[in-house]
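Colleague: I have some questions about how the labels on this model were reached. Let's start with the ligand.

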Amino acid sequence: MANNKDSLLKSTSFWQHDYGHYTPNLSLAENLKADVAIIGGGFTGLNTAWQFKKDNPNARVVVLEADIIGFGSSGRNAGFSTKLFGLEPEMVVLRWGKQKMIDAHRYMNMAVAHTKSLIEQNGFQSDYSHAGMLRVSYAQKQLQRIRKTYQLYQELGIDTGLTWIDKNRIQQEFYSDRIIGGIYDTDTGTLNPCKQVRELKRLAESAMVKIYETSPVMNIEKTASAIILKTPNGQVAADKVVIATNAYTRQVPDARSLKNKQYPLWTYQVVTEPLTAAQWDSIGWKDRQSFGDNRHMLHYFRTTADGRITMGGGDAIAYKTGAKLEIPSPMNWEHCEAHLKWIYPQLKDVRIDYRWGGPVSVNADMAPEISFIEDERIIYSGGCFGHGVSLSHLNGRTIADLLNNNKTELTDFWIVNRKCIPMPGDMLSFIGGQVARKALKVGDWWEERHVRNH
Ligand SMILES: Cc1cc2nc3c(=O)[nH]c(=O)nc-3n(C[C@H](O)[C@H](O)[C@H](O)COP(=O)(O)OP(=O)(O)OC[C@H]3O[C@@H](n4cnc5c(N)ncnc54)[C@H](O)[C@@H]3O)c2cc1C
């Protein structure tokens, strides 16, 4: 494994380091014809490719990935396969109304189930565990808010699998004075994201999908008979194209109508060294559920298969990203480490082994989107916020239905082909992001002012 210095320099994820040696496929170096070409080899792109090829065994399906499989958010995330959608349920209800929140919850239920069964049915080795997830509070005001969230789930009739956990019970499980209650959702999984995305690659290739790595699409040309995707050393002429670039979408060339779809926000994560048995004994957490807090700038925590804790969040940075751009943030990493040790002072001497970051795709509507772009031959998927693991897997199935021209329960979901509020230009999006971030941080400071001393 690389040392701290290397990981700081590269900012690649723990999962990418931990994967060990990986041999990427060759770049595209010829001119091909395809029925479907997919730009981006993350969860969305690869599951779309596999699902469509499964439906159409004779179809020619090509995936073009700018970097290597696992480079994007799919190889960097925390691996929570959850039912969380967009921002908070209150925000979804405020913006979209109750029925759309209920529909979104149903879609996300299907998303978690779809991801789990894909893993189980295809024997993925991606350390999947279905241990559930808690949403916890540290301060009374947060507790009041999470109680309202719980009541909202009950009022909407979407509280199956959710239970309220009070301070006594939570502290019997997690030996931390900081955690004072919250909601437990039994139906959440965790996975190793880099293994998962490369298992998806294996599955797609087993069905004869052609995957080219280090093959950035540099030009998209629409003609009457085909859409031509140009990469540095070859091109694909396809009948249909899927733009599965999520938070990297501003980098996709020649798609002006994509530029205002979403904006990338960078978020940060750290992972400890493997904990000793004594350290695990000192903190409880025997069932290894994942948990997140209900701060406005939330943190999330989980364990890894080799006995570490990984956690992240607490802040985000808006940047004009490039597909290759890394944005190290020592300040955010220090914040994560301090927060982990604030919850668990027992771990004050535990070493942080890796630090990294990655982009999440946010949009003005606070909900994901799958849309045709100017032309029914081009489908775009993005705006997954920080909740895209299960969602992007199911979106792959939904996009396959759209490619097949099938009207299904999935293609009827309201994120499909909806009119999205456009994001403003780069500078305004950046300023808006900074203002929103400051406001959320002030909200957290206010709610936690009686329990914090850092
Ligand atoms: C730090 C972090 C933690 C997260 N934690 C969670 C979590 O715990 N749970 C959760 O639900 N979600 C989480 N997310 C969000 C989740 O990771 C994403 O929503 C999801 O991975 C998106 O998958 P995707 O396939 O749509 O995009 P990506 O995985 O980003 O794939 C897009 C790909 O497109 C490629 N690309 C870009 N431009 C081009 C081009 N011109 N030509 C060819 N290829 C191109 C990129 O290289 C990239 O590989 C997290 C995100 C981050 C960054």
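Modeller: This is a predicted model. E17 gives the largest share of the shell around the ligand, three residues.

Colleague: Which elements give two or more residues to that shell?

Modeller: They are helix H3 (43–55), strand E12 (263–272) and strand E17 (352–362). In total, 35 residues surround the ligand, and the closest include Thr44, Glu65 and Gly386.

Colleague: How does the shell divide into nonpolar, polar and charged residues?

Modeller: There are 17 nonpolar, 16 polar and two charged residues.

Colleague: What makes the pair between the ligand and the side chain of Ser74 a polar contact?

Modeller: An oxygen atom of the ligand is 2.5 Å from an N or O atom in that Ser74 side chain. The cut-off is 3.5 Å, so the pair counts. A ligand oxygen is also 2.7 Å from a polar backbone atom of Val389. For Phe43, again a polar backbone atom, the distance is 3.0 Å.

Colleague: How much of the ligand does the protein bury?

Modeller: The protein buries 98% of the 1,000 Å² that the ligand exposes when taken alone.

Colleague: How do you know that Cys194 is in no disulfide?

Modeller: The nearest cysteine sulfur, that of Cys384, is 19 Å away. A disulfide needs two sulfurs within 2.5 Å, so Cys194 has no partner. The whole structure has zero disulfides.

Colleague: Why is the sulfur of Cys336 too far for a bond?

Modeller: Because the closest cysteine sulfur, in Cys194, is 20 Å away.

Colleague: Why is Cys194 called buried?

Modeller: Its relative accessibility is 0%. Buried means under 20%, so Cys194 qualifies. Cys336, with a relative accessible area of 0%, is therefore buried too.

Key
Residues are numbered from 1 along each chain as its sequence is written. This is a predicted model: local features need pLDDT of at least 70, side-chain atom pairs count only at pLDDT 80 or more; totals for chains, interfaces and linings use all residues. Side-chain values use heavy atoms; hydrogens and water are left out. A residue is near a molecule or strand if one of its heavy atoms lies within 4 Å of it. A polar contact is a pair of N or O atoms within 3.5 Å; within protein, one must be able to donate a hydrogen and the other to accept it, and residues adjacent in sequence count only if both atoms are side-chain atoms. Accessible areas come from the Shrake-Rupley method with a 1.4 Å probe; for residues, only the protein chains shown count as cover. Helices (H or I, at least four residues) and strands (E, at least two) are DSSP runs, numbered from the N terminus. Ala, Val, Leu, Ile, Met, Phe, Trp, Tyr, Cys and Pro count as nonpolar, Asp, Glu, Lys and Arg as charged, and the others, Gly among them, as polar. Buried means under 20% relative accessible area, exposed over 50%, partly exposed in between (1.4 Å probe, protein chains only).
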